Amino acid sequence: MSSCIFQMETVGQIIRKKRESLGLLLRQVSAYVDIDQAILSKIERNERKPNKDLIFKIAEILQLDKEELLIQFMSDRIADEIADEDCASRVLKVAEQKIKYIKSHQ
């Protein structure tokens with residue numbers, strides 16, 4: 001899966017599209033990842049956010065690249081948090097610099 005293809009889709013949209021393309025029902029996927037079918041439905045509709053462990057389980061059953069789905073998941077979280085801020089682009093640039101600093105000093 002190429003991340004550039006999915007950058008504008010939410011994790012929920014990616015999950016639903018892939019699940020449907022594989023011909024899997026909500027109940028099949030939810031049973032595999034051990035969550036209620038209603039929760040998975042809400043994740044697909046972006047009404048509920050999954051956690052990292054659930055992302056990995058869903059990626060496994062849907063044959064998605066775990067790292068790519070995690071990147072989409074985390075980018076959704078960041079975008080949701082700062083999208084309404086006028087300085088969102090600057091926030092991302094500063095965060096990137098901080099991450100580089102932290103990693104270089106570990």
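Okay, a quick definition before anything else: a pocket here is an open set of grid points with protein on both sides within 12 Å along at least five of seven lines. And keep in mind that this is a predicted model.

With that in hand, let's take the second largest pocket, which holds about 190 Å³ of space. Who lines it? That would be I78, L92, A95, E96 and I99. Helix α7 gives the largest share of that lining, 4 residues. By class, you get 4 nonpolar residues, no polar ones and 1 charged.

Now on to the largest pocket, at about 380 Å³. It has 17 lining residues, and the closest to the centre are Q7, M8, S75, D76 and A79. Two elements give two or more residues each to this lining: α6, running 66–82, and α7, running 88–104. Which one gives the most? It's α6, with 8 residues. The mix in this lining is 8 nonpolar, 6 polar and 3 charged.

Last stop, the closed space. The structure holds 1 cavity of 30 Å³ or more, with about 70 Å³ of space inside. Its lining is V11, G12, I43, N46, R48, K49, P50, F73, D76 and R77. Here the elements giving two or more residues are α2, which spans 11–21, and α6. The largest share comes from α6 again, with 3 residues. Sorted by class, this lining has 4 nonpolar, 2 polar and 4 charged residues.

One residue to find on your screen is D76: it is among the closest to the centre of the largest pocket, and it also lines the cavity.

Methods: Residues are numbered from 1 along each chain as its sequence is written. This is a predicted model: local features need pLDDT of at least 70, side-chain atom pairs count only at pLDDT 80 or more; totals for chains, interfaces and linings use all residues. Side-chain values use heavy atoms; hydrogens and water are left out. On a 1 Å grid over the protein atoms alone, a cavity is a set of points where a 1.4 Å probe fits but cannot get out, and a pocket is an open set with protein on both sides within 12 Å along at least five of seven lines; lining residues have an atom within 4 Å of a point. Grid points are joined across faces, edges and corners, and a volume is the space filled by probe spheres set on the points. Ala, Val, Leu, Ile, Met, Phe, Trp, Tyr, Cys and Pro count as nonpolar, Asp, Glu, Lys and Arg as charged, and the others, Gly among them, as polar.
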